[in-house]
Amino acid sequence: MQATAAAFLARPHPRLLRIGRWGPDGIALVRGGIVALPPRLRGPRCSVSLAIGGGAGASEDRGFSYEHVPVFPRYRIRDPYKLLGVDRDASEEEIRSARNFLIQQYAGHEPSEEAIEGAYEKIIMKSYQQRKKTKINLKTKLKKRVEESPSWVKALLGYFEVPSMDIISRRLFFFAFIAGWSIATSAENGPAFQLAISLFSCIYFLNDKMKNLLRASTTGFGVLVGGWIVGSLLVPLIPTFIIPPSWSLELLTSLVAYVFLFLGCTFLK
């Protein structure tokens with residue numbers, strides 16, 4: 001491009017060549033294609049260097065140089081833990097702190113920043129997937145733990161089951177209501193009526209699972225008796241200053257029996 005412009009300027013122009021020599025009226029004379037002014041019209045010389053096209057300076061202006069930007073020495077490491085300099089059992093707070101520190105130290109170097117951010121995202125995503133997988137496989141792990149337990153533990157756990165949270169919450173609400181009812185009416189009469197309702201409810205829930213009324217009745221009554229015995233032994237051990245004065249020994253024993261009835265009708269097979 002520069003050579004073409006120089007050749008064009010050096011070529012004689014046909015119109016300019018018709019101009020004569022220097023005359024009294026200051027007509028310009030063309031010599032070799034270069035137009036010269038009279039000496040009295042000449043001013044101070046100046047030279048302008050115009051770079052046409054892409055030179056070395058233009059290429060440096062278009063690109064960005066990382067010459068004075070600090071480069072992260074481990075940004076090419078593929079292991080995200082080694083890249084951030086944290087242990088594999090590090091907490092999320094430690095990982096986040098390491099990421100923020102490195103980003104501040106090597107800010108401005110785009111490859112280093114991308115490597116640090118990528119390593120942080122990989123670790124966080126892996127941690128999230130592990131938590132999700134652990135939550136999903138909780139029942140599987142518990143079942144495997146039971147299978148590896150001794151035979152007597154297996155036989156004991158064979159009498160129990162874990163129902164859905166909906167069933168657990170509804171029965172818990174029911175027996176909590178019975179307990180609150182017994183506390184509210186303890187000053188007037190004992191909780192005999194509430195105990196009877198709890199016993200029949202427990203038998204009904206057990207029969208719904210066992211499909212055997214005799215077995216459900218025997219199991220429900222046994223649960224009530226066991227709860228009453230445990231309550232009779234446990235209540236005297238409670239410090240008296242914790243118990244409200246209006247709560248009798250019979251009421252406290254009934255509250256323990258409600259807990260046993262809830263557990264029996266909910267978790268027994």
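Trainee: How many helices and strands does the chain have?

Mentor: Welcome! This is a predicted model, and its chain has 12 helices and 2 strands. Following the sequence, the pattern reads α-α-β-β-α-α-α-α-α-α-α-α-α-α.

Trainee: What share of the residues in the chain is buried?

Mentor: Buried residues make up 26% of the 269 residues. As for contacts with a separation of 6 or more, 58% of them are between residues 24 or more positions apart.

Trainee: Which residues does UniProt list for "transmembrane region"?

Mentor: The unreviewed UniProt entry lists residues 167-184, 190-207, 219-243 and 249-268 under that heading. In the model, residues 167-184 are 100% helix and 0% strand, with 26 Å between the end C-alpha atoms. Residues 249-268 are 95% helix and 0% strand, and there the end C-alpha atoms are 28 Å apart.

Trainee: Let's turn to helix pairs. Why is α9 called roughly antiparallel to α10?

Mentor: Helix α9 (residues 165-184) and helix α10 (residues 192-210) pack at an angle of about 170 degrees, with their axes 9 Å apart. Angles over 145 degrees count as roughly antiparallel, so α9 is roughly antiparallel to α10. The crossing of α9 past α10 is left-handed.

Trainee: Which residues make the contact of α9 with α10?

Mentor: From α9 come Arg171, Phe174, Phe175, Ile178, Trp181 and Ser182, and from α10 come Phe193, Gln194, Ile197, Ser198, Ser201, Phe205 and Lys209. By class, this contact has 7 nonpolar, 4 polar and 2 charged residues.

Trainee: What makes Gln194 count as buried?

Mentor: Gln194, found in helix α10, has a relative accessible area of 3%. Buried means under 20%, so Gln194 is buried. Leaving aside residues up to four places away in sequence, Gln194 touches Ile178, Trp181, Ser182, Thr185 and Tyr258.

Trainee: Tyr258 also appears in the contact between α10 and α12. Why are those two helices called roughly parallel?

Mentor: The axes of α10 and α12 come within 8 Å and cross at roughly 10 degrees. Angles under 35 degrees count as roughly parallel, so α10 is roughly parallel to α12. On the α10 side, the contact includes Gln194, Leu195, Ser198 and Leu199, and these α10 residues are joined by α12 residues including Ser254, Ala257, Tyr258 and Leu261. The residues of this contact divide into 10 nonpolar, 5 polar and 1 charged.

Trainee: What makes α10 oblique to α11?

Mentor: The axes of α10 and α11 come within 8 Å and cross at roughly 135 degrees. Over 145 degrees would be roughly antiparallel, and 65 to 115 would be roughly perpendicular. An angle of roughly 135 degrees fits neither range, so α10 is oblique to α11. Here α10 passes α11 in a right-handed crossing. Among the residues in contact are Leu195, Leu199 and Cys202 of α10, along with Leu213, Phe221 and Trp228 of α11. By class, the contact of α10 with α11 has 11 nonpolar, 4 polar and 1 charged residues.

Trainee: How do you know that Thr253 is buried?

Mentor: Thr253 lies in helix α12 (residues 249-267), and its relative accessibility is 3%. The cut-off for buried is under 20%, so Thr253 counts as buried. Not counting residues up to four places away in sequence, Thr253 touches Trp228, Gly231, Ser232 and Val235. Thr253 and Leu233 are 20 residues apart along the chain, with 8.9 Å between their C-alpha atoms.

Trainee: Now for the loops. Why is Lys211 called exposed?

Mentor: Lys211 is found in the loop between α10 and α11 (213-234), and its relative accessible area is 65%. Exposed means over 50%, so Lys211 is exposed.

Trainee: What is the phi of Lys211?

Mentor: Lys211 has a positive phi of about 55 degrees, although it is not a glycine. For context, most residues other than glycine have a negative phi.

Trainee: Asp79 is in a loop as well. Is Asp79 buried or exposed?

Mentor: Asp79 sits in the loop between α3 (56-62) and α4 (80-84), with a relative accessible area of 16%. The limit is under 20%, so Asp79 is buried. Asp79 and Ala119 are 40 residues apart in sequence, and their C-alpha atoms are 7.7 Å apart in space.

Conventions:
Residues are numbered from 1 along each chain as its sequence is written. This is a predicted model: local features need pLDDT of at least 70, side-chain atom pairs count only at pLDDT 80 or more; totals for chains, interfaces and linings use all residues. Side-chain values use heavy atoms; hydrogens and water are left out. UniProt positions are given in the numbering used here, feature names are shortened, and annotations may be inferred rather than shown by experiment. Helices (H or I, at least four residues) and strands (E, at least two) are DSSP runs, numbered from the N terminus. Axes are lines fitted to C-alpha atoms, for helices over the stretch in contact, and angles run from 0 to 180 degrees between N-to-C directions. A crossing is left-handed if the near helix is turned anticlockwise from the far one by less than a right angle, and right-handed if clockwise. Contact means heavy atoms within 4.5 Å. Ala, Val, Leu, Ile, Met, Phe, Trp, Tyr, Cys and Pro count as nonpolar, Asp, Glu, Lys and Arg as charged, and the others, Gly among them, as polar. Buried means under 20% relative accessible area, exposed over 50%, partly exposed in between (1.4 Å probe, protein chains only).
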